[in-house]
Amino acid sequence: MRIYLIILSLAACCFSCSTETKDYRAFTTNTKLYTQTVFELNRVVMHDNFTPPVANRNYTYANIAAYECIAAGYPEEFQSLSGQLNGLKPMPQPENTKSIDFEFAAVLAFCKVGVELTFSESLLEKYVDSLKREAKQFGMPNATLKATEKFSTAIAQAILDWAKDDNYLQTRTAIKFNVTQEPGRWIPTPPMYAEAVEPAWNQIRPLVMDSANQISAPPPFPYNVSDTSSAFYQEAVKLKRASETLTDDQRHMADFWDDNPFKLNVVGHVMYSTKKFSPPGHWMGIAGIGGAAVQADFPKLVCAYAKTSIALFEAFIQCWNEKYEHSYVRPETVINQHIDPEWRPYLQTPPFPEYTAGHTTTSAAAAAVLTEVFGDQIAFTDTTELEFGIPSRSFTSFRHAAEENIWARFYGGIHYYHTCEVSNKLGNEIGEFVSRKLIMNKLN
């Protein structure tokens with residue numbers, strides 16, 4: 001029922017003035033259609049409980065497929081990513097551009113890739129069936145729908161074939177992280193004590209970078225709990241003190257940027273899980289909000305989503321490479337073992353090493369790309385977390401949002417402040433690198 005209400009709402013936006021003359025292009029070029037489509041994949045990804053790096057892999061390939069449809073339809077404005085992304089060969093070409101609705105092809109290709117990369121494929125398939133019915137009801141000729149489907153399927157399949165070679169399947173059977181009691185080394189944290197997430201993610205084929213090592217972080221502060229004046233010990237003390245005097249706004253900030261895709265809640269003897277959008281899912285939401293803020297048209301919006309997801313993709317590879325190179329211990333472990341055994345962070349500690357910070361790195365990368373696509377000082381209100389009962393927050397720019405993430409992870413008690421500062425700089429470097437390397441919108 002929810003899907004049909006969404007489609008009817010979109011249709012009402014397109015055809016509120018008159019239904020006597022139906023123009024299906026008003027339906028298929030409505031930017032809300034693409035934003036809603038990304039949202040639908042986001043919900044499926046959350047339902048299937050993918051880890052943040054894997055979730056972003058789903059968004060990235062789906063958005064690239066959509067973008068390639070747009071590039072084929074608007075070659076004077078947008079350039080294919082073939083030859084620009086590692087291993088991406090020339091895309092299938094449309095037989096007759098006049099018979100294809102390229103915006104609708106972008107939606108269909110996005111969903112086709114999304115279906116193949118997720119588990120709950122029936123959810124997206126029902127959504128696509130509804131879209132096709134609506135397109136026909138609002139006047140899309142059968143010949144146009146048929147040609148559009150054929151072209152979108154060819155693009156989607158080309159992207160899926162390319163994705164098969166990114167080493168993802170090989171990382172599913174990679175050696176697990178070896179937990180030891182070596183001082184300063186990451187160990188599982190309460191309450192799940194889960195094993196380390198995606199320790200082989202640095203083996204995934206980058207899209208733009210030459211390798212996971214192309215952009216690197218300085219080493220973290222040396223582990224030292226015997227000297228209370230050491231930089232490492234002082235970082236832990238700073239975090240503990242801050243966590244004990246959080247204001248309402250600081251708690252809101254931490255909750256807003258928590259984006260824990262799977263939280264284990266423990267109340268007495270009862271345990272239950274709750275799910276939220278992961279960090280890349282949150283930034284997919286911001287990309288749509290940013291597009292609406294600048295009134296981007298459909299092709300530019302798709303370009304923004306694709307470029308943002310590519311930057312996030314590179315940021316995850318770079319960050320996860322750092323995480324498992326250093327295997328840095330979490331604040332919760334240090335404070336419990338050496339300062340206060342009863343202390344708990346405000347947020348639940350994620351199951352992977354501390355340095356560098358994944359959410360902070362990826363946020364900065366996404367913000368850098370969105371700034372390049374939409375412009376600097378684009379004020380917006382981020383409503384993404386209303387889905388989970390968390391009030392919205394407003395920002396003066398995309399970079400402002402990414403910078404707030406520095407404090408959010410620190411106030412949450414899951415990252416040292418120094419880590420967050422370093423991670424923001426690295427993420428910004430990654431985002432700017434992606435922006436420099438990729439030629440997408442020729443008119444910018």
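# A guided tour of the helices

Start with the whole protein in cartoon view: its secondary structure comes to 16 helices and four strands. Keep in mind that this is a predicted model.

**Stop 1: the whole chain**

Zoom out until everything fits on your screen. Taken along the principal axes, the C-alpha atoms fill a box of roughly 75 × 40 × 40 Å. How does the radius of gyration fit that of a compact globule? With 444 residues, such a globule would have a value near 22 Å, and the protein has 22 Å, so the two agree.

Now try colouring by burial. Of the 444 residues, 59% count as buried. Next, think about which parts of the chain meet. Take the contacts between residues at least 6 apart in sequence: 79% of them join residues at least 24 apart.

**Stop 2: helix α3 and its neighbour α5**

Select residues 31-48, which form helix α3, and then residues 102-117 for helix α5. The axes of these helices come within 10 Å and cross at roughly 5 degrees. That angle is under 35 degrees, so α3 counts as roughly parallel to α5.

Show the side chains where they meet. On the α3 side you will find Leu33, Tyr34, Thr37, Val38 and Leu41. Facing them in α5 are Phe104, Ala106, Val107, Phe110, Cys111 and Gly114. Sorted by class, this contact has nine nonpolar, two polar and no charged residues.

Before leaving α3, click on Asn42, which lies in this helix. Is Asn42 buried or exposed? Asn42 has a relative accessible area of 4%, under the 20% cut-off, so it is buried. Leaving aside residues up to four places away in sequence, Asn42 touches Tyr59, Phe277 and Gly281.

**Stop 3: helix α10 and what surrounds it**

Move on to residues 248-256, helix α10. Which of its residues are buried? They are Gln250, His252, Met253, Ala254 and Phe256. To see what they pack against, add α11 (279-293), β3 (380-382), β4 (393-395) and α15 (398-411) to your selection.

**Stop 4: α11 against α15**

Hide α10 and the strands, keeping the two helices α11 and α15. Their axes come within 12 Å and cross at roughly 155 degrees. An angle over 145 degrees counts as roughly antiparallel, so that is how α11 runs relative to α15. The crossing of α11 past α15 is right-handed.

Trp283, Ile286 and Gly290 of α11 make the contact with Phe398, Ala401 and Ala402 of α15. By class, the residues of this contact divide into five nonpolar, one polar and no charged.

**Stop 5: α12 against α16**

For the last stop, select residues 298-326 for helix α12 and residues 417-437 for helix α16. These helices pack at an angle of about 130 degrees, with their axes 9 Å apart. The two are therefore oblique to each other. Here too you can look for a right-handed crossing, as α12 passes α16.

Show the side chains once more. From α12, the contact uses Lys307, Ile310, Ala311, Glu314, Ala315 and Gln318. From α16 come Leu426, Ile430, Val434 and Ser435. Colour them by class and you should find six nonpolar, two polar and two charged residues in this contact.

How values were computed. Residues numbered from 1 in each chain as written. Predicted model: local features only at pLDDT ≥ 70, side-chain atom pairs only at ≥ 80, totals over all residues. Heavy atoms only, no water. Axes fitted to C-alpha atoms, helices over the stretch in contact; angles between N-to-C directions. Parallel < 35°, antiparallel > 145°, perpendicular 65-115°, else oblique. Left-handed = near helix turned anticlockwise from the far one by under 90°. Contact = heavy atoms within 4.5 Å. Nonpolar A, V, L, I, M, F, W, Y, C, P; charged D, E, K, R; others polar. Rg over C-alpha atoms; globule rule 2.2 N^0.38 Å. Buried < 20%, exposed > 50% of the residue type's maximum accessible area, 1.4 Å probe, protein only.
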